[in-house]
Amino acid sequence: MKRLDRHKTLADYRQQMDQCVKCGVCRAHCPVFGEEGREAVVARGKVTLAHALLNKEIEPDPLLSENFSKCLQCGKCVRRCPTQVPVDDIVLAARREIVARRGQSLFGRSLTSLLRRPRLMHLLAGSARRAARLLFRRVPQKSGLRLRFPAPFIDRQRSLPALAKRPFRRRHPEFIAGQPDQPIIALFTGCMVNYLYPEIGEGALKALAALGFNVIIPKDQGCCGLPALSAGDGTSASELAARNLRAFGEHQPDQIVTLCASCHSGLTHHFKDLGPDYEALAERVVDINDLLVSQGLEEVLQQLPQATQKPKVTVHTPCHLRNSGLDEPPKKLLAALPTIELVKMNKANACCGLGGTFSVHHYQTSRQLGAAKANAVKESGADLVATACPGCIMQLQDSLDQADLPQRACHVLELVGEALEEKS
Amino acid sequence: MLENRIIRIIEGIVGEQHVSTADTDRLCYSYDATQRQHRPDAVVWPSNAKEISLLLKMANAEGIPVYPRGAGSGFTGGSLPIHGGLALVLTRLDAILRIDEENLIAEVEPGVVTRQLQKAVEALGLFYPPDPASLKFSTLGGNVAECAGGPRCVKYGVTKDYVLGLEVVTPQGDIIRTGGETMKGVVGYDLTKLLVGSEGTLGVITKIILKLLPLPAAKKTMLVLFDSIDGAAQAVAAIIGGKIIPTTLEFMDGTTIDCVRRNTDLELPQAARAVLIIEVDGDSALIEKQAETILKLVNPLGVVNTWVAANSEESEAIWQVRRSVSPSMRKVNPDKFNEDICVPRSRLPEMIRTIEAISDKLQIPIVNFGHAGDGNIHVNIMVDTAEPGQEQKAKQAIEEIFAATLKLGGTMSGEHGVGVTKAPYIPMELDPAAVAYMKAIKKALDPNNILNPGKIFLQD
Ligand SMILES: Cc1cc2nc3c(=O)[nH]c(=O)nc-3n(C[C@H](O)[C@H](O)[C@H](O)COP(=O)(O)OP(=O)(O)OC[C@H]3O[C@@H](n4cnc5c(N)ncnc54)[C@H](O)[C@@H]3O)c2cc1C
Ligand code: SF4
Ligand code: SF4
């Protein structure tokens, strides 16, 4: 059966690869290169390898896969590249090429096949919770229950959030009415919010309600497709995209909000390649922080009563938001909160080191990047580090735990939700 | 291809994980910023002088070429393994060994990235002035080997003015020290000066002792836009004539400005056909006055707009404009021939006019920018080699530009070295006896022609 893959091929990027002048500027910015120091992992090397792969000068062997797997998709190289070579996209196209020629397993089949099947996810989430009690060692943490995964493909030492008692989408009806004259906002929950961090979704609902919006949470939505794309599995990503197009198209929402920097990038940047319908959908996608700021939530927040005890909060900017030029809105929301004190952190834009499956394949490098981040949080003197991406939260929390620090990672919307709750 | 036996020996020296013959690595160490490609047979990442010494001894015994490499950001192909052999990557030697605040020196390994050292010394109130535009990624070893210069040279000089001593592995594998830690020292030949700028052909640098200065109290950065290149060139003369030596005097012509527009938030109006970036540093009261005088001096020369940075972020924004220049060039045409001629400061306007005439005559775009303060112009001849005749024209332009440069008392490389790209033109600048003198040095130190063969001179 011919499977559908609407994504660009490596050959589509030939001209952009030719734009690389081998200047080496990316050496100063690629976090993976910063840790590993070998040319094959820096953007310049990856472009060279992609080019050689395209010209069949080099075999798609395991070593090549390994080198292409060493990309966080942080986009730092693209932002700093004087000729704007889209290295992150080229890496994904190279992964697809390798998968097409060699089969998939190399970039993490297990996760992709799971995320492709929401029903299976639900089922697993249920049984995993039950199994958790027997299987997972519990790690006592001030922040609540955290688990250590015994699965072979996840490092044993990694701390992970507990699965939600009830996935977010199951907790709420498909339509939540606001004020009739207000727009209809469709909520894209994303896998992590749905299964791991429902409190982020709850915060979003409170914030949207505070503005009187009508909210739709389409039942049949699925994963944004970024993990599949990252695994080089264009087919699954295309299938997921089609599914989301159906799920959201049906309701004709005014806007579609994402709660996760990566989902935002998946539904905007990556959707744009897929065809006119998808592009039209992508145009309606907006990051929740961006939406809330543009719709005046700041004023609502500023009018809340001042808290007497304010925790110190610092901000980490997810790469995917930064690349979309959306680093300001989360900061603006936090600045407007009368319940916290915002403090500065060094290198707030540095990548947390997660990079999706990157941290599964290259936990050591990922951990080193995380350690630098944890240290920056500590030095900022903050009690909490807030961000706008559940993936970053998971990585930041793991990094803080690994460093034995008491700080906690959370989503901006959790803090917004809490503040709004106190009012009501 | 290297025999397995040789690979085993190398593995024995550096450890298995620090040598690779994989295609991926051979490809990834086959290029530098010239964009030419030559694959090494193997890539080696040694970690200290001892290993490098053993590698060179082996290479001599087996007749294998060895190509030292820092960040691979060179513009003349100095690190390219044009005869295969070993790419000797020095980035694992990346320790700042010490910073001596009392004697104002730093001792570093060659793989330290220039900016890293600058940050470390600046945190202590000290200053390492050489600042090639590649400072965020090029290595100090590469800087020393090329004698890199930068915008601050006008006032502070180039890399060689800061190198006090070196530890070097000779081509035959001995480990020697040259110079030392003192500001003065005249025992024997000045090998330090010989090695600085030797482009990795006379020894592998494994330690560098650098002179530091106190960090200037303040600096002021200005971006001045002119309506013509003549105005900018005259401004340089006016400033120096006014007995002010700014820290930097960088210029860009109109095409250069067009190239960088996308890389900056600064307003660069179309009417601006030349830019000077002027920086002064020192005592804050003094630099305020200097800045004022400079602006007064240049104002009558067709100034379109002036931008004075109010703080270090704004100053950084201005410098970002400059740093993004050379890689952005490709927008004009796909192939770039990049030369970095240097003429006596006062001949700059004449030189620019000559280049423009050559550009008009041959009908190919030539983009100019560079360090106006020291007469160093980066001449970028932009062509599309896919079009017939263009490459030939570019070569003709290069020759005519070099000839004009030499006639004005200049040199065909201000800071990028000779490497492979300029080797063919050496006879234009150096007389045969001088070339023979240089070759004799190379031959005496590297009789088997192991270290970076094929560079500087056409045949070794
Ligand atoms: C965007 C850009 C801007 C630049 N701006 C400037 C500028 O303003 N001024 C300037 O002078 N140059 C500039 N350059 C050129 C280049 O960055 C310099 O020549 C730099 O010094 C090279 O350092 P590297 O570490 O990249 O060395 P490489 O390119 O790796 O090597 C350069 C030479 O040094 C030799 N070498 C390297 N390390 C050692 C060692 N430890 N021992 C012996 N030999 C060694 C190599 O064999 C080779 O011949 C620029 C380049 C780029 C891409
Ligand atoms: S910064 Fe861009 S052009 Fe320069 S080497 Fe990296 S990818 Fe290539
Ligand atoms: S996207 Fe990030 S990790 Fe990937 S090559 Fe670019 S800078 Fe490196």
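Which domains does the domain assignment of chain B give? The answer is domain 1 (4-89), domain 2 (96-214), domain 3 (216-331) and domain 4 (332-418), with bounds that come from an automatic or database domain assignment. Welcome to a predicted model, in which local features need pLDDT of at least 70, side-chain atom pairs count only at pLDDT 80 or more, and totals for chains, interfaces and linings use all residues. Residues are numbered from 1 along each chain as its sequence is written, chains are lettered from A and ligands numbered from 1 in the order in which they are written, and side-chain values use heavy atoms, leaving out hydrogens and water.

**The ligand and its shell**

Let us start with ligand 1, which lies between chains A and B. Around ligand 1 there are 36 residues, where a residue counts as near if one of its heavy atoms lies within 4 Å. Those that come nearest are B:Pro68, B:Gly70, B:Ser73, B:Ser134 and B:Thr139.

Three distances from an oxygen atom of ligand 1 may interest you; a polar contact is a pair of N or O atoms within 3.5 Å.

| Partner of a ligand 1 oxygen atom | Distance |
|---|---|
| N or O atom in the side chain of B:Ser134 | 2.6 Å |
| N or O atom in the side chain of B:Thr139 | 2.7 Å |
| Polar backbone atom of B:Glu199 | 3.1 Å |

Taken alone, ligand 1 exposes 960 Å², and the protein buries 99% of that (accessible areas come from the Shrake-Rupley method with a 1.4 Å probe).

By residue class, the shell around ligand 1 divides into 14 nonpolar, 18 polar and 4 charged residues; here Ala, Val, Leu, Ile, Met, Phe, Trp, Tyr, Cys and Pro count as nonpolar, Asp, Glu, Lys and Arg as charged, and the others, Gly among them, as polar. In chain B, β3 (66-69), α5 (140-146), β10 (204-211) and α12 (325-328) each supply at least two residues of this shell. The most come from α5(B), with 5 residues. Helices (H or I, at least four residues) and strands (E, at least two) are DSSP runs, numbered from the N terminus. Domain 1 and domain 2 of chain B each give the shell at least three residues.

**Where domains meet**

Within chain B, the C-alpha centres of domain 2 and domain 3 lie 28 Å apart. Contact, meaning heavy atoms within 4.5 Å, joins 11 residues of domain 2 of chain B to 13 residues of domain 3 of chain B. Between them these two domains bury about 960 Å², 59% of it on carbon and sulfur atoms; buried area is the accessible area (1.4 Å probe) that two parts lose on being put together, summed over both. On the domain 2 side, B:Pro151, B:Val154 and B:Lys155 supply 48% of the buried area, more than any other three residues.

Chain A is divided into domain 1 (10-103), domain 2 (107-160), domain 3 (168-293) and domain 4 (298-422). The C-alpha centres of domain 3 and domain 4 of chain A lie 22 Å apart, with 25 residues of domain 3 in contact with 26 residues of domain 4.

Definitions and conventions
Polar contact = N/O pair within 3.5 Å; in protein donor to acceptor, adjacent residues only side chain to side chain.
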